[in-house]
Structures are given as structure tokens and as C-alpha cells.
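Q: Hi! I'd like a close look at how the strands pair in this model, starting from a single residue pair and working outward. Could you take me through it in one connected answer?

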Amino acid sequence: MDAYNITVVGGAGIVGREFLKLLDSRGVPVKRLRLLATARSAGKTIDFRGQRITVEETSPASFTADDHVVFLSASGAASKEYAPIAQSNGSFVIDDSSAYRMDPAVPLVIPEINADDLEWHRGIVSQPNCTTTPMVLALNPIHRVNPLKRVIVSTYQAVAGAGAAAVEGLAAESRAALEGRHEPSGTQKREIAFNAVPQIDFFSDDGYTREEIKMANETRKILHAPSVAISATCVRIPTFFGHAMTVWAEFERPIDAVEARRLIASAPGVKVVDDPATEQYPTPMDAAGTDDTLVGRIRGDSSLPGAIVFWTVTDSIRKGAATNVVQIIEEAGRRGLIRRG
Ligand SMILES: NC(=O)c1ccc[n+]([C@@H]2O[C@H](COP(=O)([O-])OP(=O)(O)OC[C@H]3O[C@@H](n4cnc5c(N)ncnc54)[C@H](OP(=O)(O)O)[C@@H]3O)[C@@H](O)[C@H]2O)c1
């Protein structure tokens, strides 16, 4: 693979730092790495492959024509401001925010599912929300042979999905609560330690939150299945790493648990951990720090024969974010879609 000049906006964040670890562990050739953030982190140093890199404050002038890859991992507002600048420089821009996910001119890519969508990129590629990715990875192998009709999903999302401050917030709230004090950190909509909060992002007029709407719209776009019906309920729980969810799914034709398990197990990036006889199923702790989407509790729905229910867990920072981005770079590089020089 070619060696790239890579610039990361949000390089000091929880996803940005994991991205650096993955570039290293997966052996992605990097010629030059720049890490950008806000004034808060500017001046901090981060080590990468024996080199000490100083984080710089981001400005429109930060982006140059020799950036081969620009990874935007900061916020929707930062992406809206900086993606067009990097795009106009001819850089290959990967955006981790929701700013461009539903833009019809921007591919939304999980390489195991729709790598071919990279071919029509016009400079910006978006990557899905960290709850969408695992659900779609598990549903896609069935959808390919028996089209998906309807999904009802409930999530149990770790605080890491809300960034580094949210991880610190849960730790601080937990320490205080164990000493008998309620000290909400403000990193979630309610105190999160020893609690469960059924609101992630803001409510829209129909009573769903934006996180729930993202799951529905992104799933349809990635699977090229605009008519799939999806109802999501997204809940933040006091785990640190690893998003979990219960997925109910109905397909055009009835499917049983045996066939569903066989198809899901055949999918790249997915590992089935499912044996009720020996009480085998995955938990968020099993997913933390790994790249696979783990699936268990696969069963036929007792209320609607022919539909299935399963449980899945994934590390939101890894396959939900940084791993998927590194895979996009690898795949786009193989296809010659990243300009160099
Ligand atoms: N966490 C996940 O599981 C996950 C999954 C999928 C997608 N994402 C998306 O990935 C992005 C980063 O999330 P994160 O979890 O890594 O958050 P984080 O830990 O809070 O880190 C955010 C990083 O972005 C920087 N930043 C924020 N606003 C900026 C701006 N206007 N200009 C330049 N830099 C800015 C921050 O700078 P300072 O260091 O100076 O504060 C920090 O380095 C977000 O868009 C998020 O929605 C996150």
C-alpha cells in the first residue's frame, strides 16, 4: 500500500487516539501524520511509531494540498467547516460525524457490506453511527438472500460512544455515588452511574431521538433498501466500552434460528457466540478492545413465527468508529481511490 500523509481532526479524542493505534497495529504506511484539535489540546504531544507529534489547533489554514487523507473525528460543526476545504484540496476525506451521512453525494460505507460505494465518492466518505454498524453487519448476510422487511431494535450503549469526557464522567459519578453522593457530570442527559437513560441526542417531533432516526436512515442507505421499516429505542447505560443491542427482524420470507445463525456466522467481521446449553453469549466486556461484532441469543420470535431476535455487542470506538475508518482507507487505497503526490 502507498504511504499517506494523514491529518486527523480530533486527533486527541477517544476515537482519534484509537485510530492511531490501529494505523500502527494494522501496518498502514504513513509518510506524515498531523494531529489537530481545539486550543484545549493544542501543544499536547502524542507518540506514534516512535515519533512525538504535537497536537495543533485547527483552523481553515490547517489543510493543505499534500494531505492525502483527512480524517474528521471531532464534531458535526467541525466537519461542516473543514470537510469542504479538505475536499477542495483533493484530499480523501473520511467523516466520522453525522454531518454528511445522509448526503446523497456522499457514500456511507461499511467495507464488508458496501465497499463498491467508495467508487462514486467525490472527495468525502462518511462512516456510520456506532450503533448502526453492528446491527447492519449482523443483518446484511440474511438480507442478501432474503430481503429485510422490518426491524425493531433496543440499544444498551456504553458511555465511550459519547467521547472521552463521558468516560471520565461515568467514573467520577460512580465514585461519588458509592460514597452516597449524587453528582451528575453533565455528560449525559441524566446522571448515568447506576442508571439507564432513554435519550441519546435530541428529540424530534415524532418522539424519536436523533440517534434513533440515524439508525433507521443509515441502515436503509447502507443496505440500499429504502423501504425497510425500522423502529429504534436507544438507551445509554453505565458501561464504559461496548455497545449492546437486542434486534428483532422480519424478512420477506420466514426464517428460522438455525438458518439465521448459519448466515450470520458466514459474514466477515461477525462472530457468533451462541450456545444456550453452555450459557454462551457475548457481553460488552467481551467486545471491548476487539474489532468483531459479536452475536448471540439468536432465536425464532415466539410472537411472530418466521421472524428472529438476536443480541449483539461491539466496541463503538473500534468497529463502531476507528477500525471502520482504517478499513475504508485500506480499501480505498487498494482501489486506487486516494490521490497522492
Ligand atoms: N465515541 C464513539 O464511539 C464514536 C463512534 C462513532 C463516531 N463518533 C464520532 O467521532 C467524533 C469524535 O468523537 P470522540 O468520541 O472521539 O470525541 P472526544 O473524545 O470528545 O474527542 C473529540 C476530539 O475532537 C476535537 N474537537 C472538537 N471540536 C473541534 C473543533 N471544532 N475543531 C477541531 N477539533 C475539535 C477535540 O479537541 P480537544 O481535544 O481540544 O477537546 C477532541 O480531540 C464525533 O463526531 C463523534 O460523533 C464517535
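A: Happy to. In this predicted model, a good place to begin is Ile46, whose bridge partner in strand E4 is Ile53. The two residues belong to a pairing of strand E3 (residues 45-48) with strand E4 (residues 51-54), which run antiparallel and are joined by four bridges. Two residues lie between the strands of this hairpin, and Arg49 takes a positive phi near 50 degrees there. That sign deserves a moment of attention, because most residues other than glycine have a negative phi.

Two other residues invite the same remark. Glu279 is not a glycine, yet its phi is positive, at about 55 degrees. Glu279 sits in the loop between E12 and helix H8 (284-287), and its surroundings are sparse enough for the exposed class: 6 other C-beta atoms lie within 10 Å, so Glu279 counts as exposed. Arg297 also has a positive phi, near 50 degrees, and is a residue other than glycine. The place of Arg297, however, is in strand E13. With 17 C-beta neighbours inside 10 Å, Arg297 is classed as partly exposed.

E13 takes us to a sheet. Six strands make up an open sheet with mixed pairing, in the order E10-E9-E11-E14-E13-E12. Strand E10 (229-233) and strand E12 (270-272) are its edges, each pairing on one side only. Going from one strand to the next, the twist averages 25 degrees. At the E12 edge, three bridges connect E12 with strand E13 (residues 293-300), and the two run parallel. Val270 stands opposite Thr293 of E13. Helix H6 (residues 210-223) packs on the sheet, where it touches strand E9 (148-156) and E10; the direction of H6 makes about 145 degrees with that of E10.

There is also an open sheet of six strands whose order is E5-E2-E1-E6-E7-E8, with parallel pairing. Here the edges are strand E5 (56-57) and strand E8 (124-126), and each of them pairs on one side only. Within this sheet, strand E1 (residues 4-9) pairs with E2 in the parallel sense over six bridges. For a residue pair to click on, try Val8, which stands opposite Leu35 in E2.

Now for the wider arrangement. The domain assignment of the chain gives domain 1 as 4-128 + 321-334 and domain 2 as 132-315. Taken over C-alpha atoms, the centres of domain 1 and domain 2 are separated by 25 Å. Where the domains meet, 13 residues of domain 1 are in contact with 17 residues of domain 2. On the domain 1 side, helix H3 (111-114) and helix H9 (318-334) each supply at least two of the touching residues. H3 provides the largest share of that side, three residues. By class, the touching side of domain 1 divides into six nonpolar, five polar and two charged residues.

Beyond that contact, helix H4 (residues 132-143) is worth a look for its burial. H4 is mostly covered, with 12 of its 12 residues buried. Among the buried residues of H4 are Thr132, Pro134, Met135, Asn140 and His143.

Finally, the ligand connects several of these elements. It is surrounded by 30 residues, and the closest are Gly10, Gly13, Ser41, Gly163 and Ser316. At least two residues of the shell come from each of helix H1 (14-25), strand E2 (30-37), helix H2 (76-88), helix H5 (164-178) and H9. H1 gives the most to the shell, with three residues. The shell around the ligand is made up of 15 nonpolar, 13 polar and two charged residues. Domain 1 and domain 2 each contribute at least three residues to the shell. E2 and H9 thus make handy landmarks as you look around: E2 supplies shell residues and pairs with E1, while H9 supplies residues to the shell and to the side of domain 1 that touches domain 2.

Technical notes
Residues are numbered from 1 along each chain as its sequence is written. This is a predicted model: local features need pLDDT of at least 70, side-chain atom pairs count only at pLDDT 80 or more; totals for chains, interfaces and linings use all residues. Two strands pair if DSSP finds at least two bridges between them. Domain bounds come from an automatic or database domain assignment. Two residues are in contact if their C-beta atoms, placed from the backbone, lie within 7 Å. Ala, Val, Leu, Ile, Met, Phe, Trp, Tyr, Cys and Pro count as nonpolar, Asp, Glu, Lys and Arg as charged, and the others, Gly among them, as polar. A residue is near a molecule or strand if its C-beta atom, placed from the backbone, lies within 6 Å of it. Axes are lines fitted to C-alpha atoms, for helices over the stretch in contact, and angles run from 0 to 180 degrees between N-to-C directions. A residue is buried if 20 or more other C-beta atoms lie within 10 Å of its own, exposed if 12 or fewer, and partly exposed in between; C-beta atoms are placed from the backbone.
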